[in-house]
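Me: Please guide me through the model shown below, beginning with the convention used for its elements. I shall then ask about confidence, pockets and one residue.

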Amino acid sequence: MRFIVLTIIFSVLFVTQTLAISSINLDVIKEAQDYGKLRNKDSLQEFLLPWISYEEKAEKLNGTTERSYLYTSYLLIATDAREKSLNGHDIAILDSEEVLENYSGLLSFSTVLFGEKEDFAKDASVIVKQDNNVIKAYQMIIPAEGEKVHLDKGQTIFNAQCYFYFFEKDIVPDLPIILSVRTTDQKDHNFYFDLEKIK
């Protein structure tokens, strides 16, 4: 019995500490978990729709349209809950807290880029523009070579799945941002996010 009481006390302390770091409360965690559970039958593209931005010069939306997903705390929790529910696992508050702890203090982007050469993205530079501020990425994960994509007309292009991380403290949470990626081929790829409207 004493062990159970101590476990509960430490769990409450852990949750309280993590909530202070992540600025997200239990109600929001439960809401995000519910989103993940209730939308687990959606395709991943449908599931992620509220957190997507297409490249600003995109002429049409299809499988080769450049896009970026902003992984907010809400989406991280929802994604974890979706995966667990699809695999028949229970979803606990502590699981969500662990997810938040892993990404504490970071703003994370998953970005799909396309280029004409396989190494088009390997030395990319990445910033976020917000008002007059320019914020450099804290960390980038960019493949050295993109994957081949064959288009309908026989043309071949390359796809690079990239991950960019910024310190949350450097970004004002209720102002729009532009994620700007300049790839090795000297092309700019810009993605607009209105932070105030994204959970």
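Reply: Helices and strands are DSSP runs numbered from the N terminus, a helix (H or I) having at least four residues and a strand (E) at least two. The model is a predicted one. By that convention, the secondary structure of the chain comes to five helices and ten strands.

Me: Which element of the chain has the lowest mean pLDDT?

Reply: For the chain as a whole, the mean pLDDT is 87, and 88% of the residues reach 70 or more. Strand β9 (residues 177-182) has the highest mean among the elements, at 98. At the opposite end, with a mean of 35, stands helix α1 (residues 2-22).

Me: How many contacts beyond four places in sequence does the model have for residues 1-22?

Reply: Throughout residues 1-22, pLDDT stays under 50. Where pLDDT is low, predicted coordinates should not be read in detail. With that caution, the number of such contacts in the model is 19.

Me: What share of the contacts between residues at least 6 apart in sequence joins residues at least 24 apart?

Reply: The chain has 199 residues, and buried residues make up 40% of them. Its exposed area is about 12000 Å², of which carbon and sulfur atoms supply 52%. For the contacts specified, the share joining residues at least 24 apart is 67%.

Me: How many residues in the lining of the largest pocket are charged?

Reply: The largest pocket holds about 780 Å³ of space, and 20 residues line it. Nearest its centre lie Lys60, Thr64, Thr65, Phe114 and Ile157, while β3 (106-115) and β10 (188-193) each supply at least two lining residues. Four lining residues are nonpolar and six are polar; the number of charged ones is ten.

Me: Which element gives the most to the lining of the second largest pocket?

Reply: About 490 Å³ of space lies in the second largest pocket. Its lining consists of 24 residues, of which Leu48, Tyr69, Tyr71, Ser110 and Tyr163 are the closest to the centre. Two or more residues come from each of α3 (44-48), β2 (67-71), α4 (73-86), β3 and β8 (156-167). The element that gives the most, with five residues, is α4.

Me: How many residues in the lining of the second largest pocket are nonpolar?

Reply: The count takes Tyr as nonpolar and Gly as polar. On that basis, four residues of this lining are charged and seven are polar. The nonpolar residues number 13.

Me: Which elements give two or more residues to the lining of the largest cavity?

Reply: The structure holds one cavity of 30 Å³ or more, and about 80 Å³ of space lies in the largest cavity. Twelve residues line the largest cavity, with Ser73, Tyr103, Gly105, Leu106 and Glu168 nearest its centre. The lining divides into six nonpolar residues, five polar and one charged. Two or more of its residues come from each of α4 and β3.

Me: Why is Asn159 classed as partly exposed?

Reply: Asn159 has its place in strand β8. Beyond its neighbours within four places in sequence, Asn159 is in contact with Val112, Leu113, Phe114, Gly146, Glu147 and Val149. A residue counts as partly exposed when its relative accessible area is between 20% and 50%. Asn159 is therefore placed in that class, its relative accessible area being 22%.

Me: What is the C-alpha to C-alpha distance between Asn159 and Glu66?

Reply: Along the sequence, Asn159 and Glu66 are 93 residues apart. In space, their C-alpha to C-alpha distance is 9.2 Å.

How values were computed
Residues numbered from 1 in each chain as written. Predicted model: local features only at pLDDT ≥ 70, side-chain atom pairs only at ≥ 80, totals over all residues. Heavy atoms only, no water. pLDDT = per-residue confidence, 0-100. Contact = heavy atoms within 4.5 Å. Buried < 20%, exposed > 50% of the residue type's maximum accessible area, 1.4 Å probe, protein only. Areas by Shrake-Rupley, 256 points an atom, 1.4 Å probe, with all protein chains shown as cover. 1 Å grid on protein atoms, 1.4 Å probe; cavity = no way out; pocket = protein on both sides within 12 Å on 5 of 7 lines; lining within 4 Å. Points joined across faces, edges and corners; volume = space filled by probe spheres on them.
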